[in-house]
2 protein chains.
Amino acid sequence: MNAEIISIGDELLIGQTINTNASWLGSELALINIKVKNCQTISDTREAIMQSFDLAFKRSDLIIVTGGLGPTKDDITKHVLCEYFNTKLVVNNEVLKRIEDYFLKRDRVMLEVNSLQASLPEVCEMIPNYQGTASGMWFEKDGKVLISLPGVPYEMKGMMTDIILEKIGKFFQVKALYHKTILTTGIGESFLAEKIKDWENDLLSKGFSLAYLPSTGLLKLRITSPSGEKDEALIDMYFQELTKIIPENVFGYENDVLADVIGQKLRKAGKTISSVESCTGGGIANEIVRVAGSSDYYQGSIVAYSYDLKCDLVDVKLETLNKFGAVSEETAIEMAQGGLKKMNTDFCIATTGIAGPAGGTDEKPVGTVWIAIASKEKIHAKCFYFGDNRQRNMKMTIFAALNLLRNNFLD
Amino acid sequence: MNAEIISIGDELLIGQTINTNASWLGSELALINIKVKNCQTISDTREAIMQSFDLAFKRSDLIIVTGGLGPTKDDITKHVLCEYFNTKLVVNNEVLKRIEDYFLKRDRVMLEVNSLQASLPEVCEMIPNYQGTASGMWFEKDGKVLISLPGVPYEMKGMMTDIILEKIGKFFQVKALYHKTILTTGIGESFLAEKIKDWENDLLSKGFSLAYLPSTGLLKLRITSPSGEKDEALIDMYFQELTKIIPENVFGYENDVLADVIGQKLRKAGKTISSVESCTGGGIANEIVRVAGSSDYYQGSIVAYSYDLKCDLVDVKLETLNKFGAVSEETAIEMAQGGLKKMNTDFCIATTGIAGPAGGTDEKPVGTVWIAIASKEKIHAKCFYFGDNRQRNMKMTIFAALNLLRNNFLD
């Protein structure tokens, strides 16, 4: 079967928004063994939408359309859908109720344009949107399916994950491939490939495929088995072998999040954590707090960006700062030890570095970062060099700090 | 005239790589008044490429193709181009020399597959690639142009910027459009549309177009003038009018970032800032620190997640927490005032809320957030209800807090 994605929106065509929806949909569909063969990005005009539907129905069995479902004048997808499927808009009372609740709950006035969002093409099946006011629509025609979804990523993703992916799987009776993903951090793609060469060759010789999926601070390895779940035990064995080759890098599987992996270990051990941050500016705190339930083990953090606050809030000695500089092993250690005491936690992570673009010297170039972690029993400090990009340096430091904690303080 | 982008590559379709090339090309072409009307993303098979060319030549005048020009077996674009334009590959000696130099300079062995990259279709004009081994190709057919470029972003961008954009401008004798984007926060799409209805109708009646571009916490409005820069003064007038209608929401233009807009105001006023965060968990600190040069005005933050740290680090009274709860106006105010004193800044932003998914009650549902901002002279506190999504609640709180500061404390 052929799948196709149609992304509607001038903002995509003129590059004001990067089309992350299409790639997310492509990867989610690939996981249920549906391969997207075509993507179209088109303007939000009647003609462009009609033409894209014609083309898609000619060559594809499943068509997912995103965008153009907002309440404003330039959102015309719903009207074009009515024309294409030769139907009319009717009020869906379930949707109307949900939209009313949506505004009531937020204590906001509901406008007429919002109530218009409860009108849907008569022939479609409504897909509920629990995070916004634009419903999804499922159309069938000659054994083919067209699904229209809002372009807002978290609304679209919520509906896909909660309802649509399963519904697609059933409708097309797709046989799932078996995938398993191992998550690594702290190692580059080419270096990892070299290190696991023999393991990889052995894996490939058994008919599996391996994909390297890199992003900042993270490198996922995905194994795909063409013969479904029956290879599960074999893949598990390969994963255990891989973990033995690079134990310091493998931190989890599938959709695990490093901060969550660490959080679960802390919760289990009944330990608490805090951070004292300079170059990451609250980024470690934020990464920990993004995990729901983190209040079980996370106490708080001090972002000590200025010299003054490093001294006042966490008792770093001014002498240390003057003698070794803010970006030094000595300062990092005093930050971690000071934070441990001030916030009375079992572990404290400290970061201090030159995120850039300014502030680098020959001796300490932009990208130099010291990370120290203190517990009551020991202290561990390490220096990293990440590179020129400020945002990347901050993100790399967060990953490195959390992984340093995992490798040196947690079982 | 119609422009179209064809992106070739399975890695794009299955979402392994996000198609940033298409959006970059769209925005660059928009700047020279060429509007991309269609993007196709296709598989790297002969059939898919031939079909995409046929379709594109039917509806578009300018076609830019990226991808499939590497030295490996799965890169077949060049062969399909030969077939499509009914021509053959011939060695281009200038290119061969450049490829040889490329390997010499990098002290790497040149393979036979690399020398094959010097062979180009006879009918095309070669576009030199100074950063890689795959040349660009310019084809003309019936007054239309097809340009084939490598998919490696920095190679493609280099060739576009150095040579191709100017060449396109000359060939099609294009006249530049004029765009201007206004940035708003703290207002939803439908509510804004209602509020600016008359202004919008007036604008549209003058022949301008208006696009609403929403993302979490942010709503961009882009005006496009079809008659080039001569409308600049008129658009400026419309923007000033709009700012008068929604002054609390408009915070900048084009690519401005809210934390940067605020940072510039703080720097100019010689004022400093800190934050005391609960539900945002360092997110406000992180947003401020992401801006390069923020150490000029940013001192630090205290993330006081636990009751203990709220009391120990920022002197919130335990009595206040017990009587009113952590998520209350009283606690938010004590956090802001405590932070102001402890970190000795001119302003301090405090956040406390129920980010979710757990922790909500009937009285204080998930998404309830109190934000307080203190200066030496005054205190401002406000309650918000955002919704169910933890990550979104944190992001919305960050935007709301920064905008509250802008509206109530900065000129």
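**Exercise 1. Is β14(B) enclosed by the rest of the structure or exposed, and why?**

Keep in mind throughout that this is a predicted model.

*Step 1.* Go along the strand and check each residue for burial, which takes 20 or more other C-beta atoms within 10 Å. In β14(B), seven of the seven residues pass as buried.

*Step 2.* Draw the conclusion: β14(B) is largely enclosed by the rest of the structure, because its residues are buried.

*Step 3.* Now look at its partners. Strand β14 (residues 298-304) of chain A runs antiparallel to strand β14 (residues 298-304) of chain B, and five bridges join them. Ile302(A) has Ile302(B) as its bridge partner, while Ser301(A) is paired with Val303(B).

*Step 4.* There's another partner in chain B. Strand β13 (residues 273-277) pairs with β14(B) in the parallel sense, again over five bridges. In that pairing, Ile273(B) stands opposite Tyr298(B).

**Exercise 2. Work out the strand order of the open 12-strand sheet and find its edges.**

*Step 1.* Trace the strands across chain A and on into chain B. The order reads β6(A)-β7(A)-β8(A)-β3(A)-β1(A)-β2(A)-β2(B)-β1(B)-β3(B)-β8(B)-β7(B)-β6(B), and the pairing is mixed.

*Step 2.* Pick out the strands that pair on one side only: these are β6 (125-127) of chain A and β6 (125-127) of chain B.

*Step 3.* Check the twist. On average, neighbouring strands of this sheet are turned by 20° against each other, ignoring direction.

*Step 4.* Zoom in on one pair. Strand β3 (residues 62-66) of chain A runs parallel to strand β8 (residues 144-149) of chain A, with five bridges between them. Here you'll find Val65(A) opposite Ser148(A).

*Step 5.* See what lies across the strands in chain B. Helix α3 (residues 46-59) crosses β1 (3-8), β2 (36-42), β3 (62-66), β7 (136-141) and β8 (144-149) of that chain, and runs at about 170° to β2(B).

**Exercise 3. Describe the contact between the two chains and the largest nonpolar core.**

*Step 1.* Count both sides of the interface: 66 residues of chain A are in contact with 62 residues of chain B.

*Step 2.* Sort the chain A side by class. You get 30 nonpolar, 27 polar and nine charged residues.

*Step 3.* Turn to the core. The largest nonpolar core holds 135 residues, and Ala336(A), Ala372(A), Ala336(B), Ala372(B) and Ile373(B) have the most contacts inside it.

*Step 4.* Take Ile373(B) and skip residues up to four places away in sequence. Its contacts are then Ala336(B), Phe347(B), Ile349(B), His380(B), Leu404(B), Leu405(B), Asn408(B) and Phe409(B).

**Exercise 4. Break chain A into domains and place Met394(A).**

*Step 1.* Start with the whole chain. Chain A has 16 helices and 17 strands, and 46% of its 411 residues count as buried.

*Step 2.* Apply the domain assignment: domain 1 (3-172), domain 2 (178-253) and domain 3 (258-409).

*Step 3.* Compare domains 2 and 3 of chain A. Their centres, taken over C-alpha atoms, are 30 Å apart, and eight residues of domain 2 are in contact with 10 residues of domain 3. On the domain 2 side, two of the residues are nonpolar, five polar and one charged.

*Step 4.* Find Met394(A) in helix α16 (residues 390-409) of chain A. Met394(A) is buried, since 26 other C-beta atoms lie within 10 Å.

*Step 5.* List its contacts beyond four places in sequence: Cys279(A), Thr280(A), Gly283(A) and Ala355(A). Gln51(A), by contrast, sits 343 residues away along the chain, with a C-alpha separation of 45 Å.

**Exercise 5. Which peptide bond is cis in chain A, and what is the phi of Asn33(A)?**

*Step 1.* Look at omega. The bond joining Gly356(A) and Pro357(A) is cis, with omega about 0°, and Pro357(A) is in the loop between β15 (347-353) and β16 (368-375) of chain A.

*Step 2.* Try chain B. There, the bond from Gly356(B) to Pro357(B) is cis, with omega near 0°.

*Step 3.* Now phi. Asn33(A) is not a glycine, yet its phi is positive, near 70°. Asn33(A) is found in the loop between α2 (20-31) and β2 (36-42) of chain A, and counts as partly exposed because it has 18 C-beta neighbours inside 10 Å.

*Step 4.* Check the chain B residue as well. Asn33(B) has a positive phi of about 65° and is partly exposed, with 17 other C-beta atoms within 10 Å.

Technical notes
Residues are numbered from 1 along each chain as its sequence is written. Chains are lettered from A and ligands numbered from 1 in the order in which they are written. This is a predicted model: local features need pLDDT of at least 70, side-chain atom pairs count only at pLDDT 80 or more; totals for chains, interfaces and linings use all residues. Helices (H or I, at least four residues) and strands (E, at least two) are DSSP runs, numbered from the N terminus. A residue is buried if 20 or more other C-beta atoms lie within 10 Å of its own, exposed if 12 or fewer, and partly exposed in between; C-beta atoms are placed from the backbone. A nonpolar core is a set of buried Ala, Val, Leu, Ile, Met, Phe, Trp, Tyr and Cys residues joined through C-beta atoms within 7 Å. Two residues are in contact if their C-beta atoms, placed from the backbone, lie within 7 Å. Ala, Val, Leu, Ile, Met, Phe, Trp, Tyr, Cys and Pro count as nonpolar, Asp, Glu, Lys and Arg as charged, and the others, Gly among them, as polar. Two strands pair if DSSP finds at least two bridges between them. Axes are lines fitted to C-alpha atoms, for helices over the stretch in contact, and angles run from 0 to 180 degrees between N-to-C directions. Domain bounds come from an automatic or database domain assignment.
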